[in-house]
Amino acid sequence: NEWGKLSYNRSWCFVYDNQSSGVPAHADPSYLNVNVWITPDSCVNDPNKNGLKIYHKQPDNNVSWHDYNTNDLFIHNQIKDSEYTVIPHKYNRAVVFYGKMYHETTGVDMKPGHDNKRVNYTFLFNQ
C-alpha cells in the first residue's frame, strides 16, 4: 500500500472571513493532502461556495515551487483548459487528494458572526 509509507510533512489551519474569495489556485509540495472542514453546515450561507475545486492537472516535475504555488499567471495558463472536480463543503468532511494537483477554494460565503467562520485544517504528507 503506497499510502502506508507516508510521512507527515506539515499542517496549518485557516479561519476565513465570512465573505472572501478563499485561497486561489495553487499546488502544494506534498504527495498527499488531507483537508478537514470543521464548521457546521448550519453556518453556511451559500452552499455553492465554501468547498474545494481540484483540477485534474498538476505541474511538471521541473516546475519551481514559486511557479506552481504563487505565480498566478503561470497557474492560470496551466489550468485554463483543465477538467476539475468540485467537492462541496460538508461539516466534518475530510478531503484526501494528491497535493500536487492544482486546487482552490470555491469562494467563501458563510453567515455573519465569528462562530460561523469557515475553518479548515490541512495536513501534508510525503512519500
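The legends below describe close-up views of a predicted model.

Residues are numbered from 1 along each chain as its sequence is written, and side-chain values use heavy atoms, with hydrogens and water left out. Because the model is predicted, local features need pLDDT of at least 70 and side-chain atom pairs count only at pLDDT 80 or more, while totals for chains, interfaces and linings use all residues.

**View 1. The open sheet of 4 strands.** The strand order is 1-9-3-6, and the pairing is antiparallel. Strands are DSSP runs of E with at least two residues, numbered from the N terminus; two of them pair if DSSP finds at least two bridges between them. Strand 1 (7-15) and strand 6 are the edge strands; each has a single partner strand, so one side of each is left without a neighbour in the sheet. From one strand to the next, the twist averages 15°, with axes taken as lines fitted to C-alpha atoms and angles running from 0 to 180 degrees between N-to-C directions. Strands of a sheet pair through backbone hydrogen bonds, either parallel or antiparallel.

**View 2. Strand 9 and its pairing with strands 1 and 3.** Strand 9 covers residues 119-126 and is joined to strand 3 by 6 bridges, the two running antiparallel. On this side, W37 stands opposite N120, and N33 has L124 as its bridge partner. Strand 1 is also antiparallel to strand 9, with 8 bridges between them. Here Y8 stands opposite F125.

**View 3. The largest nonpolar core.** Its 8 residues are A25, A27, Y55, V63, Y68, I75, I79 and Y102. Such a core is a set of buried Ala, Val, Leu, Ile, Met, Phe, Trp, Tyr and Cys residues joined through side-chain atoms within 4.5 Å. Leaving aside residues up to four places away in sequence, I75 touches A25, H26, D67, Y68, N69, T70 and Y102, where contact means heavy atoms within 4.5 Å.

**View 4. Two asparagines with positive phi, N50 and N92.** Most residues other than glycine have a negative phi. N50 has a phi near 80° and lies in the loop between strand 3 (32-37) and strand 4 (52-55). For N92 the phi is near 65°, and the residue is found in the loop between strand 5 (84-87) and strand 6 (94-98). N50 is buried, at a relative accessible area of 0%, whereas N92 is exposed at 56%. Buried means under 20% relative accessible area and exposed over 50%, with partly exposed in between (1.4 Å probe, protein chains only).
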